[in-house]
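Here are a few exercises to help you find your way around a new structure. Try each task yourself before you read the solution.

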Amino acid sequence: MKKINQERRTLLKYAGIFAAVPFINQVLDKSTLLAAGLNHFTTDLVINGEVYTAAHWGALKLTIKEGKIIKSQNAFDNLTPNPLQNFTADLIDGINTNRIKAPMVRKSYLEKKSNHKELRGADEWVEISYEKAIKLVSDEIKRVRKQKGPNGIYGGSYGWKSSGNFHNSRTLLHRFLTMGGGFVGGLGDYSAGAAQVIMPHVLGTLEVYEQQTSWPIVLEHSKVVVIWGANPIDTLRIAWTSTDNQGLEYFKKLKESGKKILCIDPIKSNTIEFFEDKAEWISITPNTDTALMLGIMHTMLITQKYDKNFLEEYTEGFEVFEKYLLGKEDNTPKTAKWASQICGIPENKIKELAKLFFENRTMFMAGWNMQRQHHGEQPHWMLVTLSAMIGQIGLPGGGFGFSYHYSNGGSPSTNAPVIGGISIGKVLSKEEEKTLMDGAELAIPVARIADCLLNAGKTIKYNGREITYPDIDLIYWVGGNPFVHHQDTNTLIKAWKKPSSVIVHDIYWTPTAKMADIVFPITTPYERNDLTMSGDYSNLSIYPMKQAIKRLPKSKHDFEVFTDLAKACGFEKQYTENKSEMQWLEEFYNTAYNQAQKTGITLADGNNMPDFKTFWKNNRPITFAPTPEGEEFIRYADFREDPILNPLGTPSGKIEIYSKAIEKMQYEGCPAFPQWIEPIEWKGMKNPPAEFVLVSPHPSLRLHSQLSNTRLREQYAISNREPIWINPQDAKNKGIKNGDIVRAFNKRGQILVGAVISDIVPKGVVRIYEGAWYDPENPKENNTLCKNGNANVLTIDLPSSELANGNIANTAMINIEKYKGTIPKLTAFTPPKGA
């Protein structure tokens, strides 16, 4: 295999990071058809024919008849089928036509007698003119800025906003709030909140959002592949930008490779079903991955089957960790027997794994579920330590990867130029610049938003520093659905009723829109023009996103709303830069086009990259070819080759098994080296708070809460509710049968779900996918029943530890019983009264 030069390795190491990181403000923004006469590219709609566009679930070819979408399919042939791609038409109207069709204001808020914040989610709604909505919002923003400064406004846009570089609602919001004088932002994300903070201490990089050792290298060199706490067959159906399906194609090749494949997961996931008899399923007790790893490492240590040289040359602090493994100070050796009693895997199996991993080239493909737990910093840190003991980090097909399950990590990188974007902007005067600096420096961990709203002035610890919660009086939320993705919904409801105003942009009457004071009706991605790239790490393709259908009469693009708000606040020209939608898109595309022209980059078919006018007219994705260097990329190969010339970004330049930086923080929840720390709720507790462990992974037929309001729901809903998987013996003990309505509950809340009796879940464990739309039976009551089975009603809103303050959605216990009351009507997809 030819040697990759250091410069190319560095490029590949960081290729696509910022496109793939949910919490980094990407330099992408947009506009609208401000003046059709300015566009020298046709924006006429196709009435009958085909239009190419894209979504998180891939490049799409839409068939249009008489101005309506009648068919949606993958834009590329001969790829693994993706069921998410076939329901685009449903997203135009949704179940029960739950589009927001006009600007709406909560009735009590509009009357302004006492605001009645307690009625959020339970009030009637009133339609107002767009002009009045703009005045209401701009006046309220001015009031809060005057009274509380930038620290009074939370720019709460998080996560999976619609694909597209122009209509990126989050960047558009932050651009508006930044130019207006600043706002309170967010730190981290919900997906990998714990890992993305601990990994820089261990490896000097985020790690979870970076390119993996390339799949061709894995398929050639790995002998054992361990899929640990991940379900890539489901999660690779989507990507942060737009999936290109390459990850699924590589997992098909892995299935046929004849390699030893292990899947460590409490649940028999769709990935395990996909591999059939070609993979071994090892069912682990939820929340105990670190204990299993310790049992494996203790076995390696006492049998002398570990790489001493690697530990000495490439790591820092193993000698302290070794004492912990042997139980020198706590009198508890972390033996295979000790681990077995915690994780539920037989002692002999743990010893067998230790031997298997050390004696074969082993690649750990780890997911993020195990770090969305109490003390979630520990599992990924422990897995890096296990990999270091094996000693294969930086070798072809060895080591670990934390992103094979996400956004097609490991798909070989291309040398494609990257399309551009606009910044979030800057304030407009010296005085405002000072205000912005004060506001910009104040950001809170995203998963602590409810705690912040409820406890203004409280000081928390975070990654070596302290953060004092601001007194937030206005929430502006776009492109997200926190009343589905945030933990402990009932606590969030209490917190959400604290600020004076909540403003939301949305396409549909989501649970979050229903909890707002003012909502703007936003266009779907299929009612506007845009473009995006696929391959968050590889930069494989550029996708056009042509408007497919006419927008609803009163709906607006996010950019239009923020343009008019900027006008009301006095900085319209700075916000728009006097560019139309198509002018912005041409500028973004030309960033890549000019780079291709200068460097001679061509497409995969050998042709030159077309200019924008040709690209837009052709209305087809353009694809670049992986480079030989991309196909041969080995993560940490340069570090292994020479750790002196290629040090890691840690204080020691090495893999830090023991972190002096964390030691100085003196956090009770995150000590200086990885350890087994008993979670707040788990199956092995002496006095568990409930009977069953709740596992709530990413859904199979949704992107979190997106696509809930399509006919896809008919494929998984049980008795018109979100399903709960229950072991047959547990179901028998509870008198529950397939299709029964079940009440799942704990001290935090209660939900209704439909029973699926299956041995894919072990005894004492139940599965409810996250992402179901919250649907309260009586919004005026505390702890009311969620009729639609939103799992986060039951999860815990506590931080992973003081280090990361990540969410711990996968640490929860619940009770279940057959529901005997009158089954309430589902209203999750029904617009509220007055809408």
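**Exercise 1. Work out whether strand β21 lies inside the structure or at its surface.**

Keep in mind that you're looking at a predicted model.

Step 1. Find β21, which covers residues 541-545.

Step 2. Check how much of each residue is accessible; under 20% relative accessible area means buried. Five of the five residues pass that test, so the strand is largely enclosed by the rest of the structure.

Step 3. Now see which way the residues point. In a regular strand, side chains alternate between the two faces of the sheet. Here Ser-541, Tyr-543 and Met-545 head one way, while Ile-542 and Pro-544 head the other, and all of them are buried.

**Exercise 2. Find the strands that pair with β21, and say in what sense they do so.**

Step 1. Start with β20, residues 530-534: this strand pairs with β21 in the antiparallel sense, over five bridges. To see the match, look at Asp-530, which sits opposite Met-545 of β21.

Step 2. Follow the chain from β20 to β21. The two make a hairpin, with six residues between them. In the turn you'll meet Gly-535, whose phi is positive, about 80 degrees.

Step 3. Then turn to β22, residues 622-623. Its pairing with β21 is antiparallel too, over two bridges. Ser-541 of β21 stands opposite Thr-623 in β22.

**Exercise 3. Describe the second largest cavity: its volume, its lining and the character of that lining.**

Step 1. Put the cavity in context: the structure has seven cavities of 30 Å³ or more.

Step 2. Take the volume. The second largest one holds about 80 Å³ of space.

Step 3. Look at the walls. Among the lining residues are Asn-287, Thr-290, His-374, His-375, Trp-676 and Pro-679.

Step 4. Sort the lining by type: four residues are nonpolar, seven are polar and none is charged.

**Exercise 4. Identify the residues that touch the most other members of the largest nonpolar core, then look for a separate core.**

Step 1. The largest nonpolar core has 214 residues, and Trp-228 and Tyr-476 touch the most other members.

Step 2. A second, separate core is made of 20 residues, including Leu-248, Phe-274, Ala-279 and Tyr-404.

**Exercise 5. Count the disulfides, then check how accessible Cys-452 and Cys-786 are.**

Step 1. Recall that a disulfide is a covalent bond between the sulfur atoms of two cysteines. The count here is zero.

Step 2. Cys-452 has a relative accessible area of 1%, so this cysteine is buried. Cys-786, at 0%, is buried as well.

Methods. Residues are numbered from 1 along each chain as its sequence is written. This is a predicted model: local features need pLDDT of at least 70, side-chain atom pairs count only at pLDDT 80 or more; totals for chains, interfaces and linings use all residues. Side-chain values use heavy atoms; hydrogens and water are left out. A disulfide is a pair of cysteine sulfur atoms within 2.5 Å. Buried means under 20% relative accessible area, exposed over 50%, partly exposed in between (1.4 Å probe, protein chains only). On a 1 Å grid over the protein atoms alone, a cavity is a set of points where a 1.4 Å probe fits but cannot get out, and a pocket is an open set with protein on both sides within 12 Å along at least five of seven lines; lining residues have an atom within 4 Å of a point. Grid points are joined across faces, edges and corners, and a volume is the space filled by probe spheres set on the points. Ala, Val, Leu, Ile, Met, Phe, Trp, Tyr, Cys and Pro count as nonpolar, Asp, Glu, Lys and Arg as charged, and the others, Gly among them, as polar. A nonpolar core is a set of buried Ala, Val, Leu, Ile, Met, Phe, Trp, Tyr and Cys residues joined through side-chain atoms within 4.5 Å. Helices (H or I, at least four residues) and strands (E, at least two) are DSSP runs, numbered from the N terminus. Two strands pair if DSSP finds at least two bridges between them.
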